[in-house]
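Open the model in your viewer and keep the selection panel at hand. The tour goes from one selection to the next and says what is found at each.

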Amino acid sequence: MAEITESPPEPPGETHQTSEFTRKGQEPESDFDPKTMRKSKPGLKRLILTLSVLFSFLLGFPFLWKSVEIYRAPLPFREIDALSAQIDSKPLLFPCHFQAIFVGFDSKPSITPDALESSILYQIAKLTSKIPQCGTCTNHTVSVVVDSSSGCVQSRNSGYSAMWQCGAMGAGRVSEKEAVARAAEIFIKVFVNGGKEEGLIHGEFMPVGADGRIVLSFNLLNSDPQDWVYDWDFQTIDETLLAPVIKALGPVANISVESQVLYHTPKSSFSYWDDKRESYIFSTKDLPFFVNSNEWHLDTSIAAGGRSKILQFVVYIPSAKECPLLLQLPNGEISKTNGFISPMWGGVIVWNPQGCLKDSESQHPLRHTISPQDLQKIFEVITGQFRQLFGLKSDNLYYGASGTSSLLASERGFTEWELDVLSRQHTCFNLHSCTTTLGSLSKLVQSLPRMIIMDEIGKQVMYSVEAANLAQSNASLGLYDASAVSSRQARSLAEDAFFHPSIMSVSYYSFEHCFAVYSPFFLPVSMHVLLAALREWRRYKQENRKYLVWKTKLKKDS
């Protein structure tokens with residue numbers, strides 16, 4: 001049987017004191033809420049580690065951006081726009097000075113140099129177009145010299161010294177009025193417009209390369225070397241006949257010369273025998289098929305792959321089976337030059353040996369050298385073809401409203417007024433081409449922000465703009481040769497900048513392409529790092545808030 005023992009009763013005073021002490025000691029524990037309070041301060045270790053990773057990504061972003069940065073040299077966009085606006089809005093005009101010499105006129109009181117000068121200027125104003133074209137004259141000045149039996153008098157207001165030696169003998173065959181009208185017509189229609197009714201020669205048809213160079217390639221073609229073989233002394237021709245022409249055209253183009261002799265070069269067209277002329281005939285309808293591009297290997301120049309213009313001049317020697325070979329014109333007559341031109345390509349001359357019928361009877365091919373006299377005639381024809389390729393007439397006659405005028409020729413192939421016309425016209429075309437190229441380059445660069453622009457391109461564009469401005473300044477001063485040279489340099493530099501190899505590089509790309517390449521790697525990692533940093537920052541703020549609540553509670557209780 002179990003025994004129950006009762007504990008002795010405690011004194012009433014002790015029991016009350018113990019229970020009251022226990023209630024006071026447990027009162028703070030009952031007010032602590034672990035969800036809203038914490039007794040210790042939150043640590044910064046996790047936050048520092050997370051933020052350090054985030055900052056490392058942020059610090060690495062500039063290095064990444066620098067590694068994909070595209071170098072772009074500054075370009076003068078404002079200067080290009082200003083130059084283009086000036087060229088398009090205001091045509092380039094040149095000052096022109098003319099000199100008229102009246103020889104053998106009777107000494108009448110009305111025939112004075114000043115009166116003739118006023119009359120010529122009045123006629124020039126009537127013939128001048130109201131809408132000036134680029135390359136024409138804006139400021140006409142005339143110097144008049146009257147050489148008569150009574151003496152030689154010059155106009156006072158011209159300001160130019162006359163290049164005329166007085167004392168010529170003769171009598172005027174036209175009246176004063178006719179002479180003034182003819183002089184004004186020659187000045188405007190010929191010296192200003194180049195002898196063309198429609199005005200100046202169109203620049204895009206001038207045979208000058210984009211770099212301002214022309215390569216004259218002379219080819220001597222032996223159709224069938226089994227009949228005969230001809231050679232030429234080209235060095236002598238180059239030194240005596242071509243050198244003056246090249247020097248005269250120096251301001252317009254940088255001309256170089258090369259030559260070659262080819263064999264087994266038959267033509268592509270057919271010819272027929274004419275009993276009346278005792279010759280083989282090919283007509284102008286056969287000219288498009290005359291050049292045999294399969295057999296005539298003419299493009300052997302080292303400049304063929306560049307931007308230089310190559311003009312081919314071919315001297316074709318027919319075989320004995322079609323010798324002599326003559327060109328028949330559309331009117332039925334035989335061509336005096338026995339040659340033709342192809343615009344922007346060159347010219348062809350058919351040269352028949354004098355003894356071609358006799359030499360064909362020999363068993364072995366004979367070797368000949370074209371005589372200097374024949375070479376002189378051949379290159380006179382080539383000079384005429386060269387003039388036609390530049391848009392000038394091959395003869396020296398002008399048929400105008402006042403009658404037919406004979407213009408003086410030059411031993412160099414180009415007269416002074418023809419060179420002036422070519423310089424003015426070529427300056428205008430070069431400046432228009434320069435501004436067009438620079439404008440296209442400016443739009444292209446601004447449309448592609450990540451295009452590579454090297455320092456060399458920036459310098460070429462800057463020098464091109466400076467050369468174009470210099471050409472305009474020289475043109476306003478009447479320096480024809482200097483303006484042509486400057487405009488040629490401006491166009492060449494603009495072309496060099498536009499076709500620079502670095503512009504055609506595949507290294508430049510848009511920002512969207514760069515983002516598409518790098519975002520698959522960096523975007524997910526960056527988002528995770530950023531979200532982790534935000535989450536850790538939120539956790540730290542929350543724990544720190546709990547700690548502050550507990551500190552506030554302790555201060556209130558104390």
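Start with helix 9 (residues 416-447) and helix 11 (residues 480-498), whose axes come within 8 Å and cross at roughly 25°. The model is a predicted one. Two packed helices are described by the angle between their axes and the distance between the axes. An angle under 35 degrees counts as roughly parallel, and helix 9 and helix 11 are therefore roughly parallel to each other. Helix 9 passes helix 11 in a left-handed crossing. Colour the contact of helix 9 with helix 11 by residue class: its residues comprise 11 nonpolar, nine polar and six charged.

Next, select strands 4, 6, 9, 11 and 12. Together these five strands make an open sheet with mixed pairing, in the order 6-4-9-12-11. Its edges are strand 6 (254-263) and strand 11 (339-342), each of which pairs on one side only. From one strand to the next, the twist averages 15°.

Within this sheet, zoom in on strand 4 (residues 213-222) and strand 9 (residues 309-317), which pair in the parallel sense over nine bridges. Pick asparagine 222 and look across to strand 9: its bridge partner there is isoleucine 317. Now add helix 8 (residues 372-389), which packs on the sheet. Helix 8 touches strand 4, strand 6, strand 9, strand 11 and strand 12 (346-350). The direction of helix 8 makes about 145° with that of strand 9.

Move on to strands 7, 8 and 10. These three strands form another open sheet, ordered 7-8-10 and again with mixed pairing. Strand 7 (272-274) and strand 10 (325-328) are the edge strands, each pairing on one side only. Here the twist averages 45° from one strand to the next. Strand 7 and strand 8 (residues 279-283) run antiparallel and are joined by three bridges. Select tyrosine 272 to see isoleucine 281 opposite, in strand 8.

Last, show the cysteines. How many disulfides does a search of the whole structure find? The search finds two. One disulfide joins cysteine 96 to cysteine 137, with an S to S distance of 1.5 Å. The torsion about the S-S bond of cysteine 96 and cysteine 137 is about -60°, so this disulfide is left-handed. Show the strands as well: cysteine 96 lies in strand 1 (residues 94-103) and cysteine 137 in strand 2 (residues 137-148). The two cysteines are 41 residues apart, and the pair links distant parts of the chain.

Note on methods:
Residues numbered from 1 in each chain as written. Predicted model: local features only at pLDDT ≥ 70, side-chain atom pairs only at ≥ 80, totals over all residues. Heavy atoms only, no water. Pairing = 2+ DSSP bridges. Helix = DSSP H or I, 4+ residues; strand = E, 2+ residues; numbered from the N terminus. Axes fitted to C-alpha atoms, helices over the stretch in contact; angles between N-to-C directions. Contact = heavy atoms within 4.5 Å. Parallel < 35°, antiparallel > 145°, perpendicular 65-115°, else oblique. Left-handed = near helix turned anticlockwise from the far one by under 90°. Nonpolar A, V, L, I, M, F, W, Y, C, P; charged D, E, K, R; others polar. Disulfide = S-S within 2.5 Å.
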